[in-house]
Amino acid sequence: MAVQPPQTVRDLRRANRGVLLRRLWFHGPLARQDLINETRLSPGAVSTVTGELIEDGLLVEAGTLGSEGGRPRVLLRVDPGARQVVGVDIGETRVRVELFDLDLTERARVEVPLTPGQHDPAATLAALAEGLAVVSAQATAPLLGLGIGVPGVVEHGAETLVHGQTTGWRAVPLVRLIGEFTELPVLIDNGATTMGQAELWFGAGRGARTAVIALLGSGVGAALVLDGAPYRGVGGSAGEWGHTTVQAGGRACRCGSSGCLEAYVGAGALVDRYRELGGLEPAVGEEAALAAMLDDPAAPAARKTLDEAAEYLGIGLGNLINLVNPELIVLGGWAGLLLGAEMLPRIREAAARHALRHPFSQARIVLGELGSDAVARGAATLWVERFLSGGGVG
Ligand SMILES: [Zn+2]
């Protein structure tokens, strides 16, 4: 067992503030007596620390609860307006920038489109700067920071670097580059991971201990949650589900390999296949093309594309079920939500054919509940989590 360093009184105070803030954020409003019963803090500590947090403007009273025969109990909750946070979803076709309250209620949103097929970091950063200027002008409380979900592997070393093999990003020092146009502190994670975090806290994944949150957009990825904790792997790239091979000698993938899942179920791959089968005029964007396909699913090109997509997605999900034995798979990402809304039963049926019966019977496959802003909301949770755990200091 690791030996814990000795705690100073200040550490202890911060830890106690963190325990109460987290409890109230997730389960509030609660009375002081609930906090005593539900944490290991003494009545004296609860009284002192809640007093401090109220004085700091982080907790507010939220009515009273009548108690039998005794005094009514005052309920407390975290003040959602005490701080705000900016969450960003860097996608391949657009950058979405959102302003949230401390309880992650959305207050403002801007979407800046990117030129299709061009993933130059400078263009992405310009779009981010534009969106950030608009939403931060609408902030009504101190901002905790900027949380960003990116398509690619995030390496948290001496410097945070983003590697996007499919977008041509090679060790892009994103935090440093963002520091050139904002003083806000920045936290970055992979977009599938931040989406997974949001679905776990607020969406379809609530309460799950072992789950996979699968993201289908232009790219394909997954967030793995094993025994209640995110699993990132040795270098942060765990969950690159889109680049697992589903067809030997198959279609060329943007990563340079062939036969990857993304080359069959990524939005770009679906649209390419649809066009190849004579489905539509080439100028339409990915999202519009996918929507058109789903509008007329009986047309031959659409039917064939969607049949193949369900089969390959079933193969991918079956592999996840056999490897991870999850209790839950959440299908999200804008393309995943579009496809799933139309054909989740078919996708489940294909997964059943490609997974072992026993683990398949234990895995629920459901659609994400948070819609397409789950990546940005999850990126904002990076700061909220840090703020709560740190006792609301800063
Ligand atoms: Zn690939």
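This report describes two groups of strands in a predicted model.

**Strand 12 and its partners**

Strand 12 covers residues 211-216, and 6 of its 6 residues are buried, so the strand is largely enclosed by the rest of the structure. Here a residue is buried if 20 or more other C-beta atoms lie within 10 Å of its own. The burial applies to both faces of strand 12: A211, I213 and L215 are buried on one side, and V212, A214 and L216 are buried on the other.

Strand 12 pairs with strand 13, and 3 residues lie between the two strands, which form a hairpin. Strand 12 also pairs with strand 15 in the parallel sense. Individual bridges can be named as well: L216 has V220 of strand 13 as its bridge partner, while A214 has L331 of strand 15.

The table lists strand pairs with their bridges, including one pair from the sheet described below.

| Strand pair | Direction | Bridges |
|---|---|---|
| Strand 12 and strand 13 (residues 220-226) | antiparallel | 6 bridges |
| Strand 12 and strand 15 (residues 328-332) | parallel | 5 bridges |
| Strand 5 (residues 94-101) and strand 6 | antiparallel | 7 bridges |

**The open sheet**

An open sheet with mixed pairing is formed by 5 strands in the order 6-5-4-7-11. Strand 6 (106-113) and strand 11 (186-190) are its edge strands, and each of them pairs on one side only. On average, neighbouring strands of this sheet are turned by 15 degrees against each other, direction ignored.

Between strand 5 and strand 6 there are 7 bridges, and V95 stands opposite V112 in strand 6. Helix 6 (residues 191-202) packs on the sheet, where it touches strand 4 (84-90), strand 7 (143-150) and strand 11. The direction of helix 6 makes about 95 degrees with that of strand 11.

Terms used. Residues numbered from 1 in each chain as written. Predicted model: local features only at pLDDT ≥ 70, side-chain atom pairs only at ≥ 80, totals over all residues. Buried ≥ 20, exposed ≤ 12 C-beta atoms within 10 Å, placed from the backbone. Helix = DSSP H or I, 4+ residues; strand = E, 2+ residues; numbered from the N terminus. Pairing = 2+ DSSP bridges. Axes fitted to C-alpha atoms, helices over the stretch in contact; angles between N-to-C directions. Contact = placed C-beta atoms within 7 Å.
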